[in-house]
Amino acid sequence: MDRSYKELLKLRRFPHTWCPGCGIGAVLKNVAMVMKELGWNYKNTVAVSGIGCSGRMSGYMNLDALHTPHGRPLTAAEAIKTVRSDLNVMVLSGDGDLASIGGNHLLHTSRRNPDITVFCNDNEIYGLTGGQAGPTTPQGTKTLTSPRGEHHSPLRLGRILTQQAPYFYARTTVYHLNHFKTCIREALLWKGFSFVDIISDCIELNGRRLGFKTAHQMFKWFDERFHIVEGERDQLQEDELGIAKAVVKEVPRPAEKEEVKPEIPMEGLKPFTLEELERFDGQEGRPIYMAYQGKVYDLSASPLFQGEKRMRCHLGGKDLTKDLDIAPHGEDLIFKFPLVGKME
Amino acid sequence: MKRLVSGNEAIFQGAIRVGANYFAGYPISPTSEILQQAALYSEENPGFRFLQAEDEIAAAIATISASLAGAKAFTATSGPGFTLMQEALGWGHVVEAPCVFVNSMRVGPSTGMPTQPAQSDLLQVKAGTAGDVYPLAFYPNSVEECFRLTATAFNAAEESLSPVILLADAFLSHLYELVDLEGSTLHIVPRTKDPLGSGQRLFTGAAHDKMGNVKTSDPVNYREWLRELKDRHDRVAERYPFFEYLPCKNSETLLIAFGMTSRVVLALKDRFSIFRPIRIYPVLEKELEEVSQSYRHIIVVEGNDGQYASWVECALCQKVMKVSCLGGGFKLKWIQSQIEDGLKGVGR
């Protein structure tokens, strides 16, 4: 067996902090194995973790790694990717960190779709703090904070993360090893935000309370609960393991609109001299004509020239070209009115 | 060439001139203009990265992470947003991320009076986050100083390897003054930290040793680490002992004021001596002690209920008089009458 993946782990810090039988070790190992296959190492990869048992993962990776405050690894990863697009950025964290305290960041980082990969060790419990109910704890489960069974239904990460394309959501377990590795590989290679929901076990602080004696019994339970679905999917049912993904074609940014000035033929328009124009001043029932850039417009219909409200700034029968250059409004106001002639 | 510039613009331009290339923020009065300028600037300069985050928590985390990734990063907010950023600030001190947090203060607590100026986040700057931190904080009182001190804040951040706070107030943010930004020169401290992707380091918020090994139950290691952190900040602070002292020959009274309040009490400079701390943290203890020796009365005039006055009392080991301008009211006449009343009370 090829053990060269071990160079990606800080073995000098072993033994690690996790309990025997915990699924996190499998997550760390398999991610390292796939990284090795892909040639990812400390020169081109950064790992980011949050808080919790799973938050210790990045510290065991032989990379530059971040151990952020609780719930914030996604934001940190996004910022790193923004500044250093040449680096591969991955998040190694858990369900409590990503979906509960970091839930808002999950919504918005996935919406902004940075090219990062998230591995979520989903063990349905807060393990490090002793076994309190988490956001993904199934309804009815007894935990330290749900002594008579969890009242609320769990957060369905798969549903949330597959609502807005593009998305990549994979669900797998630490038991279905080949499938697990395929998901890791595809997620790491996905361009954009990819999320791998890894159903994992916490035997000591969840499993035993549920009646399991060993981690292996929990793995068999995973096998009963889930089945692998092959092929392209855009959604996954709650009992399915697989990859749901969707791409959207990149919509080109709308180019800034260029000002299109109406082209009006000057031929055939009635010529006006300035004296003639001055007669159309709106007094005694005469129409109001105004000149702008050599053209004469009929502004009689403008509410600004009616009765008492008559506009104070401009008088009828004038050439407005200079006035409009300094006016607070644009010239588009005048194009709305009928063209009646041209200046000589 | 001189032109009219607002405090917010001066802060943004100062950051750009000193090489800032990352900004993350969330809209809040009175610093939204900095966010808006950053958004526009990033559209025109692809080397400058910008994030309008979902909240101030994310903005602060992004700022620190971008700094670790190699960017000169900054963010800007006001009191309520600064409260949300406290978590990240504590983290920034522990992972040693050089970056700048601008806090333009408005009346608090909570939403308070969003458009009214205040100076009430002073204690929050020093003691808002869990544990002991030793932040550096500067507080300008003019648009020109906003520009220069932003650069100073970035430099001090690189030297102290920590988030440095630039304080301002709603008055200063929206104050327009004639300044020549393009013509002024700034000292720039280059990047001091290797960016991510060049080693096998762990940047953790947990207590750790010099190798980055997590040590969460070792008091000796923790004490060593904290002493080193404090020493480093003290060393850097010594390079920036900024204050302004306007002595008045006949006065037995020293007014201490900073930021916008110092602009208001400047009108009293012919009657009282005025001391204006520009470096708010670490507190200018030595300088305060020296200056205050020749005065019978010391009055701290500030836009909060005695936050800086308590530091002055600690530094001088004596009670001082307080004039608290609360709720955005900074009228000279009122301040003057408060000073007169106070002095009458103690027998002038």
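This is a dialogue on reading features of a predicted model.

Student: What does chain A contain in helices and strands, and how many of its residues count as buried?

Tutor: Chain A has 11 helices and 12 strands. Of its 344 residues, 50% count as buried. The chain exposes about 17,500 Å², and carbon and sulfur atoms supply 52% of that area.

Student: What share of the contacts in chain A with a separation of 6 or more comes from residues 24 or more positions apart?

Tutor: Such residues account for 66% of those contacts in chain A.

Student: How many residues does each chain give to the contact between chain A and chain B?

Tutor: Chain A contributes 34 residues and chain B contributes 35 residues. The area buried between the two chains is about 2,800 Å², with 55% of it from carbon and sulfur atoms. On the side of chain A, the residues that lose the most area to chain B are A:Asp64, A:His67 and A:Val83, which together make up 20% of what that side buries.

Student: What polar features cross that interface?

Tutor: Between chain A and chain B there are 19 residue pairs in polar contact, both residues being at pLDDT 80 or more. The rule also finds three salt bridges across the interface. A salt bridge here needs a side-chain nitrogen of Lys or Arg within 4 Å of a carboxyl oxygen of Asp or Glu. In one case, the side chains of A:Asp64 and B:Arg201 meet at 2.7 Å, N to O.

Student: Which elements give two or more residues to the side of chain A that touches chain B?

Tutor: They are strand E2 (64-67), helix H2 (73-83) and H4 of chain A. H2(A) gives the most, with seven residues.

Student: Where does A:Leu107 lie, and what kind of surface patch does it help to form?

Tutor: A:Leu107 is in helix H4 of chain A, residues 103-112. With A:Leu155 and A:Ile160, A:Leu107 forms a nonpolar patch on the surface, and the three together have about 220 Å² of accessible area.

Student: Why does A:Leu107 count as partly exposed?

Tutor: Partly exposed lies between buried, under 20% relative accessible area, and exposed, over 50%. A:Leu107 counts as partly exposed because its relative accessibility is 44%.

Student: Now the salt bridges inside chains. How many are there over all chains, by this rule?

Tutor: The count comes to 29 over all chains. One of them is in chain A, where the side chains of A:Lys191 and A:Asp115 meet at 3.7 Å, N to O. That pair links distant parts of the chain, 76 residues apart: A:Lys191 is in the loop between helix H6 (177-189) and strand E6 (194-199), and A:Asp115 is in the loop between H4 and strand E4 (116-122). A:Lys191 is exposed at 67% relative accessibility, whereas A:Asp115 is partly exposed at 23%.

Student: Where do B:Arg263 and B:Glu177 lie, and how do they meet?

Tutor: Their side chains meet in a salt bridge of 2.5 Å, N to O. B:Arg263 is in helix H9 (residues 259-265) and B:Glu177 in strand E9 (residues 176-179), so the pair links parts of chain B that are 86 residues apart. B:Arg263 is partly exposed at 30%, and B:Glu177 is buried at 19%.

Student: What does the salt bridge of B:Glu228 and B:Lys210 tie together?

Tutor: The side chains of B:Glu228 and B:Lys210 meet at 3.7 Å, N to O. B:Glu228 lies in helix H8 (residues 219-238) and B:Lys210 in the loop between strand E10 (202-204) and H8 of chain B, so the pair ties together parts 18 residues apart in sequence. B:Glu228 is partly exposed at 41%; B:Lys210 is exposed at 71%. Elsewhere, salt bridges that share partners join A:Arg156, A:Arg159, A:Arg171 and A:Glu238 into one network.

Student: Is B:Thr253 buried or exposed, and what does it touch?

Tutor: B:Thr253, in strand E12 (residues 253-256) of chain B, is buried, with a relative accessible area of 2%. Not counting residues up to four places away in sequence, B:Thr253 touches B:Phe272, B:Ser273, B:Tyr295, B:His297, B:Ile299 and B:Leu343. B:Thr253 and B:Asp231 are 22 residues apart in sequence and 34 Å apart in space, C-alpha to C-alpha.

Terms used: Residues numbered from 1 in each chain as written. Chains lettered and ligands numbered in written order. Predicted model: local features only at pLDDT ≥ 70, side-chain atom pairs only at ≥ 80, totals over all residues. Heavy atoms only, no water. Patch = residues over 30% accessible without salt bridge, like charges linked within 9 Å, V, L, I, M, F, W, Y side chains within 5 Å. Areas by Shrake-Rupley, 256 points an atom, 1.4 Å probe, with all protein chains shown as cover. Helix = DSSP H or I, 4+ residues; strand = E, 2+ residues; numbered from the N terminus. Buried < 20%, exposed > 50% of the residue type's maximum accessible area, 1.4 Å probe, protein only. Contact = heavy atoms within 4.5 Å. Buried area = accessible area lost by both parts, 1.4 Å probe. Polar contact = N/O pair within 3.5 Å; in protein donor to acceptor, adjacent residues only side chain to side chain.
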